[in-house]
Amino acid sequence: MSWIPPYRPQQLSLGPLEQEILQILWQLGQATVKDIHDRILSDPDRELAYSSVTTVLNRLTKKGWLVCHRQGKAFIWTARVSAEQAKAVQSYEQLQQFLAISNPDVVAAFADSLDTASIDQLTAIADRLRAARQQRQEEK
């Protein structure tokens with residue numbers, strides 16, 4: 001039972017426009033540059049060049065977030081991971097960065113700031129972790 005998807009983009013950091021375009025692709029499933037450009041410009045207060053959308057789509061592809069395929073004369077863009085998978089990967093990466101601090105004072109200060117609900121969540125996580133590890137041991 002792994003919640004971390006087997007695929008993860010090479011670069012996790014995203015700028016604001018990259019995040020917005022990725023959100024649009026998650027909503028639409030797949031889209032052309034025109035679909036995305038039209039969606040952004042549906043907000044009358046927005047201005048954005050068509051070429052800027054193309055540039056961002058190419059950048060997201062290089063970062064490993066999107067794939068592009070040709071359908072007739074149009075290029076169709078699709079996200080390589082779902083929104084839920086992206087959150088799992090980003091959360092995993094943030095946790096690894098937090099644990100890499102390895103400064104007990106920082107970790108203790110963080111733990112001290114937790115409220116009762118957070119402690120209950122951590123207890124539930126620890127219970128699930130113990131159950132998953134026990135299940136793996138029994139499968140061996």
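Modeller: Before we start, a quick definition: Ala, Val, Leu, Ile, Met, Phe, Trp, Tyr, Cys and Pro count as nonpolar, Asp, Glu, Lys and Arg as charged, and the others as polar. Also, keep in mind that this is a predicted model.

Colleague: Thanks! So by class, what lines the largest pocket?

Modeller: Its lining has 17 nonpolar, seven polar and three charged residues. The space in this pocket comes to about 1,200 Å³.

Colleague: And which residues are closest to its centre?

Modeller: Those are Trp 3, Ile 4, Tyr 92, Leu 95 and Ile 125, out of 27 lining residues.

Colleague: Which helix gives the most to that lining?

Modeller: Helix 4 does, with nine residues.

Colleague: Switching topic: how many salt bridges does the structure hold?

Modeller: There are six. In one of them, Arg 59 pairs with Glu 18, and their closest N and O atoms are 3.2 Å apart. Arg 59 sits in helix 3 and Glu 18 in helix 1, 41 residues apart.

Colleague: Is Glu 18 buried or exposed?

Modeller: Glu 18 is buried, because its relative accessible area is 3% and buried means under 20%. Arg 59, at 38%, counts as partly exposed.

Colleague: Which residues are linked with those two in a network of salt bridges?

Modeller: Lys 63 joins Glu 18 and Arg 59 in that network.

Colleague: What about Lys 34, which residue does it form a salt bridge with?

Modeller: Lys 34 pairs with Asp 38, with the closest N and O atoms 2.7 Å apart. They are four residues apart in helix 2, so about one helical turn separates them.

Key:
Residues are numbered from 1 along each chain as its sequence is written. This is a predicted model: local features need pLDDT of at least 70, side-chain atom pairs count only at pLDDT 80 or more; totals for chains, interfaces and linings use all residues. Side-chain values use heavy atoms; hydrogens and water are left out. On a 1 Å grid over the protein atoms alone, a cavity is a set of points where a 1.4 Å probe fits but cannot get out, and a pocket is an open set with protein on both sides within 12 Å along at least five of seven lines; lining residues have an atom within 4 Å of a point. Grid points are joined across faces, edges and corners, and a volume is the space filled by probe spheres set on the points. Helices (H or I, at least four residues) and strands (E, at least two) are DSSP runs, numbered from the N terminus. A salt bridge is a side-chain nitrogen of Lys or Arg within 4 Å of a carboxyl oxygen of Asp or Glu. Buried means under 20% relative accessible area, exposed over 50%, partly exposed in between (1.4 Å probe, protein chains only).
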